[in-house]
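I opened this entry to look up charge pairs, a metal site and the packing of some helices and strands. My notes follow in the order I checked things.

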Amino acid sequence: MLKFRSVAMLAGLSLLGSACGGPESAPESEVKPTWEEFKAQAYREPWEGGKIIVNGDEALESEEELAAYFHNVVESQLGKSQDGLAVYYIGGDIKWSATQKLNLTYCISNNFGTNKTKMVNAMASATAAWEATASVNFTYLSQYDASCTASQTGVLFDIRPVSGQSYVARAFFPNSARSGRNVLVDSSAFGSLGAWTLTGVLRHELGHTLGFRHEHTRSTASGCYEDSQWRALTTTYDRSSVMHYPQCNGTQTGDLVLTTLDKQGARALYP
Ligand SMILES: [Zn+2]
C-alpha cells in the first residue's frame with residue numbers, strides 16, 4: 001500500500017496518493033480510458049517479467065489479468081456501496097483452503113541486510129494480529145532466507161526488499177501463482193512513515209495475502225472505488241479499517257490496526 005506522493009497529510013506524509021486517482025488506480029466512472037491508454041499507463045515493476053501494479057499495491061501477473069481488471073473496472077457500475085471487511089470475489093471467495101490457511105509459510109530475504117531484524121520482528125507482530133482474530137497461521141521458515149526468491153518452493157510466499165518503487169510495500173492475493181506470491185518492501189518503509197509503523201504497513205499487506213480487498217472500494221464516497229470484485233464480510237462499511245487508505249476519506253489517523261469490524265470480517269472468512 002501506500003506511497004509517499006504529493007498528497008499532503010499527516011505531517012506531510014501519505015500512503016499512496018495514486019490509489020485515489022493516480023495512474024495505477026481504477027479510473028473514476030467519468031474517466032473511461034481506452035484499453036491501449038490504460039495499458040500504457042500501467043506501472044510495471046522492472047524485474048521478474050514486469051508484474052503490473054494496480055490500486056497502489058496489488059500485483060497482477062500478466063497482461064491478461066490486467067485486461068480482466070480493466071474490463072471489470074470499466075464495465076462495473078459505481079454504486080455497490082452497501083455495507084468492515086471485503087473479500088476478493090470472482091464468482092467465489094478468493095481465500096486459502098481450510099488446510100492451507102493454517103500453514104502460511106514465508107521467508108524473509110537476507111538482502112534486507114541491516115533492516116532484516118526489523119523485518120523479522122515486524123512480521124512476527126503483524127502475523128500475530130491476524131492469527132489472534134482469525135483461524136489462520138503464518139509460519140516463518142528462516143532456513144530459506146538465503147534463497148528467498150519468487151521461485152523458492154519451500155515457502156508459500158517470499159518477502160524481499162526493493163527500492164525506488166511507487167509503493168511502500170505491495171502484496172498478492174491467494175489466487176496468485178507462486179511466482180507472484182511476494183511481499184515486496186520498499187526501502188522507504190524503513191524511513192519515517194508518519195503515523196504508521198512498519199508493522200502497521202505489514203498488517204495491511206497481510207490482509208491482502210489473506211484475500212481482503214481495500215475497504216474503500218466499498219464506498220463510492222471514498223473517492224477510491226476500485227471495482228466490484230468483492231463481497232462484504234460485515235454489514236457495516238468501516239472507514240477505520242486496516243484495509244482502508246486514510247486519504248480515501250478514511251477515519252484512521254493513527255497506525256494501521258485491525259478494528260473490531262476487521263476482526264469480525266476476518267473471523268467470518270476464516271472461522
Ligand atoms: Zn493495499
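I count a salt bridge when a side-chain nitrogen of Lys or Arg lies within 4 Å of a carboxyl oxygen of Asp or Glu. The model is predicted, so I keep to side-chain atom pairs at pLDDT 80 or more.

**Entry 1: salt bridges**

I ran the count and got 9 salt bridges. I looked up Arg178 and found a salt bridge with Asp158, with 2.8 Å between the closest N and O atoms. This pair links distant parts of the chain, 20 residues apart. Arg178 sits in the loop between β8 (169-170) and β9 (182-186), while Asp158 belongs to strand β7 (residues 157-162). I checked accessibility, and Arg178 and Asp158 are both buried.

What else does Asp158 hold in a salt bridge? I found Arg160, its closest N and O atoms 2.6 Å from those of Asp158. Arg160 is buried, as is Asp158. I noted a network of salt bridges that links Asp158, Arg160 and Arg178.

I then turned to Glu226. Its side chain meets that of Arg213 in a salt bridge, at 3.2 Å from N to O. Both residues lie in the loop between α4 (198-209) and β10 (230-232), so the pair ties together parts that are 13 residues apart in sequence. Are Glu226 and Arg213 buried or exposed? I have both down as buried.

**Entry 2: the loop after α4**

I stayed in the loop between α4 and β10 and picked Thr217. Its relative accessible area is 0%, so Thr217 is buried. Which residues does Thr217 touch, leaving out those up to four places away in sequence? I listed Cys224, Tyr225, Glu226, Asp227 and Trp230. Glu226 is thus on this list and also in the salt bridge with Arg213. I also noted Gly211, which follows α4 and has a positive phi, near 110°.

**Entry 3: the zinc site**

Which residues coordinate the zinc ion? I found Asp57 through OD, entered twice, and His204, His208 and His214 through NE2. The distances run from 2.0 to 2.6 Å. I checked Asp57, and at a relative accessible area of 0% it is buried. His204 also counts as buried, at 0% relative accessibility. I found His208 among the buried residues of α4 as well.

**Entry 4: helix α4**

I tested the length of α4. Its 12 residues at 1.5 Å a residue should span 16 Å, and the end C-alpha atoms are 16 Å apart, which agrees. How many residues of α4 are buried? I counted 12 of its 12. Among them are Leu198, Val201, Arg203, Glu205 and Thr209. The cover over these buried residues includes β3, α3, β6, β7, β8 and β9.

**Entry 5: helix α3**

I repeated the length test on helix α3 (residues 116-131). Its 16 residues should span 22 Å at 1.5 Å a residue, and 22 Å is what I get between the end C-alpha atoms. I listed the buried residues of α3 as Lys116, Met119, Ala122, Met123, Ala126, Thr127 and Trp130. They cover an arc of only 130° around the axis, which puts them on the same side of α3. The spacing fits a general rule: an α-helix has 3.6 residues a turn, so residues three or four places apart point the same way. What covers the buried residues of α3? I found β5 (104-108), β6 (138-140), β7, β9, α4 and α5 (260-269) among the covering elements.

**Entry 6: strands β7, β8 and β9**

I looked at β9 next and found 5 of its 5 residues buried. Asn182, Leu184 and Asp186 point one way from β9, while Val183 and Val185 point the other way. β9 pairs with β7 in the parallel sense, over 5 bridges. Here Pro161 stands opposite Val185. β8 and β9 run antiparallel and are joined by 2 bridges. I found Arg170 opposite Leu184 in β9.

**Entry 7: the three-stranded sheet**

I closed with an open sheet of 3 strands, ordered β1-β2-β3 with antiparallel pairing. Which strands form the edges? I noted β1 (43-44) and β3 (58-60), each of which pairs on one side only. β1 is joined to strand β2 (residues 52-54) by 2 bridges. Arg44 has Ile52 of β2 as its bridge partner.

How values were computed
Residues numbered from 1 in each chain as written. Predicted model: local features only at pLDDT ≥ 70, side-chain atom pairs only at ≥ 80, totals over all residues. Heavy atoms only, no water. Buried < 20%, exposed > 50% of the residue type's maximum accessible area, 1.4 Å probe, protein only. Helix = DSSP H or I, 4+ residues; strand = E, 2+ residues; numbered from the N terminus. Donors = N, O, S within 2.8 Å, 3.2 Å for Na, K, Ca; no water. Pairing = 2+ DSSP bridges. Expected span 1.5 Å × (residues − 1). Arc of directions from axis to C-beta. Contact = heavy atoms within 4.5 Å.
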